[in-house]
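Reader: Hey, can you help me get my head around this one? I'm new to looking at structures, so keep it simple.

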Amino acid sequence: TFPLSHLPTFPLSHFPSLMYPNDSLTHWHSGQGHWSDIPAEQWHDWKWQLKNRITKLEQLETYLELTPDERAGCLFAKDKLALAITPYFFNLIDPKDPNDPVRRQVVPNAGEMKTAPEELLDPVGEENTKPVDGIVHRYPDRVLFLVTDRCAAYCRYCTRSRLVSNAQDYNFHPEFESGLEYIRTHPEIRDVLLSGGDPLLLSDKKLDYLLGELRKIPHVEFIRIGSRIPVFLPQRITPELCEIFKKHGPIWLSIHVNHPNECSHELRDACERLSFAGVPIGNQSVLLKAVNDDVATMKSLIHRLLMMRVRPYYLYQCDLITGSAHLRADARIGIEIIKSLRGHTTGYAIPQFVIDAPGGGGKIPINPEYVKEVTESEIIMHNFQGEEYRYPLIDTAAQTLDKSAPELEPILM
């Protein structure tokens, strides 16, 4: 028998999940909240949700006691990035907490009025890699296809706030045909990512057309959609939409959840419908100050994502968009979070921390250092507990073989 004394022991500090006992489904949000008097049929209608979004300061003040900074931010939003919050998503805000992590993401703040020296209107250099309107061709084999400038709600740190909502008079008018023609005539493109704005705000008819045209292009192998609609507006994930995804599948979907409080029963149900329609789902979080910049919160989030059939994919350092300094966390915190997750939770749950290099350098993976040294004979490394290990390199291992040992008979002829 294997002696129990040989098993490793860990102090309780190695189990930060014990700090978050509320990840069970019984603690997830559900219900109509502030809109409990609305008939359920209307509440579950995504068009009703859009029509009844909170888009004005007066509406917001009906439900929240705004701070002076929030009120100033709301007045400025018409010139920077519009205010819009769906009733469903607004219910996830704790109205008694001015620092609520969901509130920080969607309620405007006076910090948006300040531009730090390092901030840019186009922080990841998309405008310099646009061969035609609506297409960003930065990487050799893939393109970003911008198909709308509208979203169900607006993230206050949006990297495309220059064009999204048109508050800054960018006047983006999507050209489906010119984008499709560019993809058709460039056989090196095998991967197309639909984004915007949010592509899932398009009608079923338009999505069916776009996905169908892309599927007709022989060299397009991989179709992705980047969307926060399941998070802001899970009612949009209708059986009809799922049938369109089945028809043109596989369609891969990247959603955007930043905090465990966003993981509701409605979002879980929407992800289940998508999964059953054959849509693989990944999540892209943004590291945000006082939202998810600590290990316990991030660990709770990634555990809940797995419970919803969603694979944590990327953890982004917040882009250097103008007016975002009050939301940007120190990038070193991101490295420490990943380091604290590795070895302490499921490997599937750990996202890749990346910085989208300012000016158009693309996504660069940022990882904790596990390799101490690579010598002529071995790799010297340490594990998640800081213990050192060595792995011999192939040439060295071959030199130490016993040449007098008999050759083994091949197993398969």
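Reader: Is the crossing of helix 7 and helix 8 left-handed or right-handed?

Author: Right-handed, meaning that the near helix is turned clockwise from the far one by less than a right angle, while anticlockwise would be left-handed. Before we go on: the model is predicted, local features need pLDDT of at least 70, side-chain atom pairs count only at pLDDT 80 or more, and totals for chains, interfaces and linings use all residues. Residues are numbered from 1 along each chain as its sequence is written, and side-chain values use heavy atoms, with hydrogens and water left out.

Reader: Ok! And at what angle do the axes of helix 7 and helix 8 cross?

Author: Roughly 15°, and the axes come within 10 Å. Helix 7 covers residues 176-184 and helix 8 covers residues 204-215. The numbering follows DSSP runs from the N terminus, with helices (H or I) of at least four residues and strands (E) of at least two. Axes are lines fitted to C-alpha atoms, for helices over the stretch in contact, and angles between N-to-C directions run from 0 to 180 degrees.

Reader: So what do you call that arrangement of helix 7 and helix 8?

Author: Helix 7 and helix 8 are roughly parallel to each other. That label is for angles under 35 degrees; over 145 is roughly antiparallel, 65 to 115 roughly perpendicular and the rest oblique.

Reader: Which residues make the contact between helix 7 and helix 8?

Author: On the helix 7 side, Phe176, Glu177, Leu180, Ile183 and Arg184 take part. Helix 8 brings Lys206, Tyr209, Leu210, Glu213 and Leu214. Contact means heavy atoms within 4.5 Å.

Reader: At what angle do helix 8 and helix 10 pack?

Author: About 5°, with the axes of helix 8 and helix 10 (residues 239-248) 10 Å apart. Helix 8 is therefore roughly parallel to helix 10. Residues of helix 8 that meet helix 10 include Leu207, Leu211 and Arg215, and among those on the helix 10 side are Leu241, Ile244 and Phe245.

Reader: Now jump ahead to the next pair. What about helix 12 and helix 13, how do they cross?

Author: The axes of helix 12 (residues 295-307) and helix 13 (residues 331-341) come within 10 Å, and the crossing is at roughly 60°. Helix 12 and helix 13 are therefore oblique to each other, and helix 12 passes helix 13 in a right-handed crossing. Val295, Met298, Lys299 and Ile302 of helix 12 meet Ile337, Ser340 and Leu341 of helix 13.

Reader: Which strands does helix 12 lie across?

Author: Strand 6 (281-287) and strand 7, and helix 12 runs at about 145° to strand 7.

Reader: Time for sheets! What's the order of strands in the open sheet of nine?

Author: The order is 1-2-3-4-5-6-7-8-9, and the pairing is mixed. Two strands pair if DSSP finds at least two bridges between them.

Reader: Which strands stand at the edges there?

Author: Strand 1 (135-136) and strand 9 do; each has a single partner strand, so one side of each has no neighbour in the sheet.

Reader: How do strand 4 and strand 5 run, parallel or antiparallel?

Author: Parallel, with four bridges joining strand 4 (residues 222-226) to strand 5 (residues 251-255). Ile223 has Ile251 in strand 5 as its bridge partner. Strand 7 (residues 311-317) and strand 8 (residues 352-357) also run parallel, joined by three bridges, and there Tyr314 has Gln352 as its bridge partner.

Reader: And strand 8 with strand 9, parallel or antiparallel?

Author: Strand 8 and strand 9 (residues 362-365) are antiparallel, over four bridges. Strand 8 and strand 9 form a hairpin with four residues between them, and Gly359 in the turn has a positive phi of about 90°. Ala357 is bridged to Gly362 in strand 9.

Reader: What's the pairing in the three-strand sheet?

Author: Antiparallel, in an open sheet with the order 10-11-12. The twist averages 20° from one strand to the next. Three bridges join strand 10 to strand 11 (residues 378-382), and Val374 stands opposite Ile379.

Reader: Last topic, odd backbone spots. Is the peptide bond from Gly249 to Pro250 cis or trans?

Author: Cis, with omega near 0°; Pro250 sits in the loop between helix 10 and strand 5. The bond from Gly196 to Gly197 is cis too, with omega near 25°, and Gly197 lies in the loop between strand 3 (191-195) and helix 8.

Reader: And where is Ala290 found?

Author: In the loop between strand 6 and helix 12. Its phi is near 60°, a positive value in a residue other than glycine.
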